[in-house]
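Here's a quick tour of a protein model, written for someone just starting out. Have a look at the sequence and the fold, then read on.

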Amino acid sequence: MSKVQHDPYYNQQMHMQMPIQMQPTAQQFSAVPLNVPYGLEYLAHLDQIFVKQKIEALEVILGCETNNKYIVKDAAGRDMFTAKESTDFCTRQCCGNIRPFDLLIKDFSGQEVIHLTRPLACGSCCFPCCLQSIQIFAGNGELLGTIEQVWTFWIPKYLVKNGNGEVVLKIEGPCCTCACCADVDFKILSVSGDIEVGRISKKWSGLLKEAFTDADNFGITFPMDLDVKMKAVMLGALFLIDFMFFEHTEN
């Protein structure tokens, strides 16, 4: 062994140059609340999440709808989860963006972290008794909460409920969800509706991508101290909004 390897300064420098692990792990987070379902500890110290939908070549070439796939990232751009829709071919082609689905969110070990279930419903103001909703479950089957559409004539609105059915937040969208060269923002509001606490934003992806694919990029912000389970529920709201307003099979 060379003499330089015994030098404390040399050893310190070599230690500082070791590569940094980019994939987040549960050990990176301290003071995680107790009784948090598996995988949700990743959300404990986040106030921002990005979701990137994968472009499916079959959709672009043939125009037939395939199961949507997404990557969920943290604010630093590190991959946290994968998300994949589970529906059959006929349901996707016949029901379009109002189709019922199960969407499985998994960590990179393949363990299910969140399970989303959306029933078949209308979403039009002409059918107030059959509006959109989505249920958000933890990987262990625990109901974390639901997102329920509110009947309105023009502005899209939703109630965010916890696992006990209590309204804890509200979501309000713009009167027009079509915006060229700009983001589309859905406000996350307090229960009273007068305080904005976060946003779900559909990011502008560029003219070609917007015109010829339905692959979208989203960002979501919420308070750092928001309950971890409700952060998962807000992620479910993001996917419901994507399907309702930005899933266009005619592209």
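Two strands pair if DSSP finds at least two bridges between them, and strands themselves are DSSP runs of E with at least two residues, numbered from the N terminus, while helices are runs of H or I with at least four. This is a predicted model, so local features need pLDDT of at least 70 and side-chain atom pairs count only at pLDDT 80 or more, while totals for chains, interfaces and linings use all residues. Residues are numbered from 1 along each chain as its sequence is written, and side-chain values use heavy atoms, leaving out hydrogens and water.

**Strand 1 and its partners**
- Strand 1 pairs with strand 2 (residues 69-74) in the antiparallel sense over 5 bridges, and Gln53 has Tyr70 as its bridge partner there.
- Strand 12 (residues 217-221) also pairs with strand 1 in the antiparallel sense over 5 bridges, with Ile49 opposite Ile220.
- Side chains alternate along strand 1 (residues 48-53): Ile49, Val51 and Gln53 point to one face and are buried (under 20% relative accessible area, 1.4 Å probe, protein chains only; exposed is over 50%, partly exposed in between).
- Gln48, Phe50 and Lys52 point to the other face and are not buried.

**Inside the fold**
- The largest nonpolar core (buried Ala, Val, Leu, Ile, Met, Phe, Trp, Tyr and Cys joined through side-chain atoms within 4.5 Å) has 50 residues.
- Helix 5 (residues 228-246) gives the most to this core, with 15 residues.
- Ile49, Ile200, Met234 and Phe239 have the most contacts inside the core.

**Out on the surface**
- Phe153 sits in the loop between strand 7 (143-150) and strand 8 (157-162).
- Phe153 counts as exposed because its relative accessibility is 65%.
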